[in-house]
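Biologist: Hey, can you walk me through this one? I'd like to start with the ligand.

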Amino acid sequence: MSIHECKLIKLPKISDPRGNLTFIEGQNHIPFDIQRVYYLYDVPGGAERGGHAHKALQQLIIAISGSFDIHLDDGKDRKTIHLNRGYDGLLVPNMIWREIDNFSSAAVCLVMASERYDEADYYRDYSEFVQAAHQKNPPA
Ligand code: TYD
């Protein structure tokens, strides 16, 4: 897996003077069925979340309120995406190490996941992740 497969998806936005509306359909706007939704909120200033990769799980991450930075790493290349719009979803495939920081006040990070929670699907040790990533995608 490569960080180039981490894509920003423009979600539908129904603009309305009464307030905007955005919706997400599994297998339509995102390439998986949604098995789980969770969200990070009340994040104190300076806190960092993430710090792991998933063996199989894919996610769509949205700054439903406020903003934050997502640092992506495929074991070779790295990039940072700043999310700050409710209609921008960041697709994060499996085998991507992610760290999330620089949360604004009142930020809410909404995550749609392709699988239910399973601790066995996590790499929480960075060097273990890099070793596994290189086995799947040997460096040139
Ligand atoms: P973790 O995935 O490490 O959070 P983040 O990536 O946002 O920093 O999860 C933190 C804790 O919450 C960990 O003990 C596992 C638990 N958890 C669940 O029980 N269910 C879930 O759906 C999620 C995402 C986490």
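Modeller: Sure. Keep in mind that this is a predicted model. The residues surrounding the ligand are Arg36, Tyr38, Leu40, Arg49, Gly50, His52, Tyr117, Tyr122 and Arg124.

Biologist: OK, and how do the residues of that shell divide into nonpolar, polar and charged?

Modeller: Four are nonpolar, two are polar and three are charged.

Biologist: Which strands supply at least two residues of the shell each?

Modeller: That would be β4, residues 36-40, and β5, residues 49-54.

Biologist: What lies 2.4 Å from an oxygen atom of the ligand?

Modeller: A polar atom in the side chain of Arg36. Arg124 also uses its side chain: an N or O atom there is 2.8 Å from a ligand oxygen. With Gly50, a polar backbone atom is 2.8 Å from an oxygen of the ligand.

Biologist: And how much of the ligand's accessible area does the protein cover?

Modeller: On its own the ligand has 530 Å² of accessible area, and the protein covers 63% of that. The ligand's space is also the largest pocket.

Biologist: Switching topic: what's the strand order in the open sheet of five strands?

Modeller: The order is β8-β7-β10-β5-β12, and the pairing is antiparallel. β5 is in there, one of the strands that supply shell residues.

Biologist: Which strands are at the edges?

Modeller: β8 (78-83) and β12 (122-123), since each one pairs on one side only.

Biologist: How many bridges join β7 to β8?

Modeller: Six, with β7 covering residues 68-73 and the two strands running antiparallel. Across that pairing, Ile70 stands opposite Ile81 in β8.

Note on methods. Residues numbered from 1 in each chain as written. Predicted model: local features only at pLDDT ≥ 70, side-chain atom pairs only at ≥ 80, totals over all residues. Heavy atoms only, no water. Near = heavy atom within 4 Å. Polar contact = N/O pair within 3.5 Å; in protein donor to acceptor, adjacent residues only side chain to side chain. Areas by Shrake-Rupley, 256 points an atom, 1.4 Å probe, with all protein chains shown as cover. 1 Å grid on protein atoms, 1.4 Å probe; cavity = no way out; pocket = protein on both sides within 12 Å on 5 of 7 lines; lining within 4 Å. Sits in = over half its atoms within 2 Å of the grid points. Helix = DSSP H or I, 4+ residues; strand = E, 2+ residues; numbered from the N terminus. Nonpolar A, V, L, I, M, F, W, Y, C, P; charged D, E, K, R; others polar. Pairing = 2+ DSSP bridges.
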